[in-house]
Amino acid sequence: MKKGNPWALLPILVFLAVFIGCGVLFRDFYAMPAVVGFLIALLVAFLQNPKRTFGEKLASVTKSMGDENVMIMCLVFVLAGAFSGAVQATGGVDSAVNFGLSILPPQVAVAGLFVIGCFISTAMGTSVGTIVALAPIAVELSEKTGMAGPLCMGAVVSGAMFGDNLSMISDTTIAATRTQNCEMKDKFRENFRIVLPAALVTLVLFLVMAGGEYHVPENLDYSLLKILPYLVVLVGALAGLNVFLVLAAGTVLSAVIGVATGAVAVQDIFTVIAKGPQGDGGVMSMYDITVISIVVAGVMGLVKANGGVDFVLNAIKRHVHTQKGAQVGIAALSSLVDISTANNTIAIVMAGPIAKEISEEYQIPPRRTASLLDIFTSVWQGLLPYGAQLLAAAGPLGVTPIHLLPYLYYPVLMGVSALGFILFRKTPALTREK
């Protein structure tokens, strides 16, 4: 293997410096749009290595941008946005939340919030969306029962992070599977085995920590018909159907149900698919991550061509000599990038190519690598006080994200469970995976 060049990593360091620097300077880690930061990094990459002509550098960038997995990932992002816009406009989100609350035994209210959060986040594919949907319920639960607000909100965040790395339409799942070139169903099964112990222990903790009763005062209307598209997508993906067909079928079914029930006017169906019911969702909500994925691929193309990836791999090899060590290295790499960017999808897109090289070197199955990327970025995303998830959760309570940290059982246990699988369970055999 080539020795590599540490200076080739400069574009990534520049991005982190600009992104984190603006976050600290303006006290807002979203003050600097990530896509702008990556464009600056791309410019720095172009200025490096004067021995190569501009045409050669451009060829490296466009070849990496046009990689099959990158393009498939972007197309899946678009289809996932279309499905999300259609199902939200139909009323699927409200029906799913209300259905869960209507069957919730009042004696296990907080633990029930965790379970509902798991279901909603797996169905919706977004942790932030789940938190926004369930946060008012957590606040009301706290006010009615006298239980600590951060405890109730901790259950919501924990449930949201469960589905964030398992959902078939989550952008993190899409990014993890496409960067590692594996099937979603394979990654789901591997991922589920790893996080299930953490979910069960979390459920027990919330049952023990939050006894009490809670009765929902208002009428919770729901329609099982409107929840059907979520089930179709989940079952279809688990059955191994092509993700494009599954998402397309879910979108069409949502549109038909929306029109049939009167939730969406016929003339508005294409608008909600494109923009969502509030004008800020649907396909348009996926524009940023799609463009970011393409630009990051270009940056990584030059980083790799200049020897940056080889340098990282050699650095890891000096400290890693086994499959288990390589998996710990992937976990550390993905964790570090997520802590730096406060965005688990971007972290996966950035760390994915290097993780793939490591997994190939040490014969780690792609489904395991994809799971580790998704799990460890989700672990930190559920714990970062400056991440979108905790900021969204803390706002309705009127507290700082720091107040939520003692009750975020699931993200911590998810990391513990994943490390346990790495260290004490046999690595799955490497098989041919698409």
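The legends below accompany close-up views of a predicted model.

**View 1. The largest pocket and the residues that line it.** The largest pocket encloses about 1400 Å³ of space, and its lining is made up of 50 residues, with Thr126, Val128, Gly129, Asp171 and Ser285 lying nearest the centre. Two or more lining residues come from each of helix H2 (34–47), helix H4 (68–90), helix H5 (92–102), helix H7 (127–145), helix H9 (171–180), helix H14 (287–305), helix H17 (344–361) and helix H19 (388–397). By residue class, the lining of this pocket divides into 23 nonpolar, 22 polar and five charged residues.

**View 2. The second largest pocket and its lining.** About 570 Å³ of space lies in the second largest pocket, which is lined by 23 residues, and those nearest its centre are Ser64, Asp67, Val70, Lys304 and Pro353. At least two residues of this lining are supplied by each of helix H3 (54–65), H4, H9, H14 and H17, and H14 gives the most, with seven residues. The lining of the second largest pocket holds 10 nonpolar, six polar and seven charged residues.

**View 3. Val309 and the residues it touches.** Val309 belongs to helix H15 (residues 308–319), and its relative accessible area is 4%, under the 20% limit, so Val309 counts as buried. When residues up to four places away in sequence are not counted, Val309 touches Met300, Val303, Lys304, Ile354 and Glu357. One of these contacts, Ile354, stands 45 residues from Val309 along the chain, yet the C-alpha atoms of the two residues are separated by 6.3 Å. Another of the residues touched by Val309 is Lys304, which is also listed among the residues nearest the centre of the second largest pocket.

**View 4. Ser359 in helix H17.** Ser359 is found in helix H17 and is buried, because its relative accessibility of 4% falls under the 20% limit. A polar atom of the Ser359 side chain lies 2.8 Å from the backbone oxygen of Lys356. With neighbours within four places in sequence left aside, the residues in contact with Ser359 are Gln180, Ile364 and Thr369.

**View 5. The stacked aromatic pair of Phe15 and Phe38.** Among the eight aromatic pairs that the structure holds is the one formed by Phe15 and Phe38, whose ring centres are 3.8 Å apart and whose planes meet at 10°, so the pair counts as stacked. Phe15 lies in helix H1 (residues 10–26) and Phe38 in helix H2, with their positions 23 residues apart in the chain, and the pair thus links distant parts of the chain. Both partners are buried, since the relative accessible area is 1% for Phe15 and 3% for Phe38.

**View 6. The tilted pair of Phe206 and Tyr409.** Phe206 and Tyr409 form an aromatic pair with a distance of 5.0 Å centre to centre and an angle of 50° between the planes, an arrangement classed as tilted. This pair also links distant parts of the chain, as Phe206 lies in helix H10 (residues 184–209) and Tyr409 in helix H20 (residues 409–424), 203 residues apart. Phe206 and Tyr409 are both buried. The two residues belong to a cluster in which ring pairs link Phe114, Phe162, Phe206, Tyr409 and Tyr410.

Methods: Residues numbered from 1 in each chain as written. Predicted model: local features only at pLDDT ≥ 70, side-chain atom pairs only at ≥ 80, totals over all residues. Heavy atoms only, no water. 1 Å grid on protein atoms, 1.4 Å probe; cavity = no way out; pocket = protein on both sides within 12 Å on 5 of 7 lines; lining within 4 Å. Points joined across faces, edges and corners; volume = space filled by probe spheres on them. Helix = DSSP H or I, 4+ residues; strand = E, 2+ residues; numbered from the N terminus. Nonpolar A, V, L, I, M, F, W, Y, C, P; charged D, E, K, R; others polar. Buried < 20%, exposed > 50% of the residue type's maximum accessible area, 1.4 Å probe, protein only. Contact = heavy atoms within 4.5 Å. Polar contact = N/O pair within 3.5 Å; in protein donor to acceptor, adjacent residues only side chain to side chain. Phe/Tyr/Trp six-rings, centres within 6.5 Å; stacked < 30°, edge-to-face > 60°.
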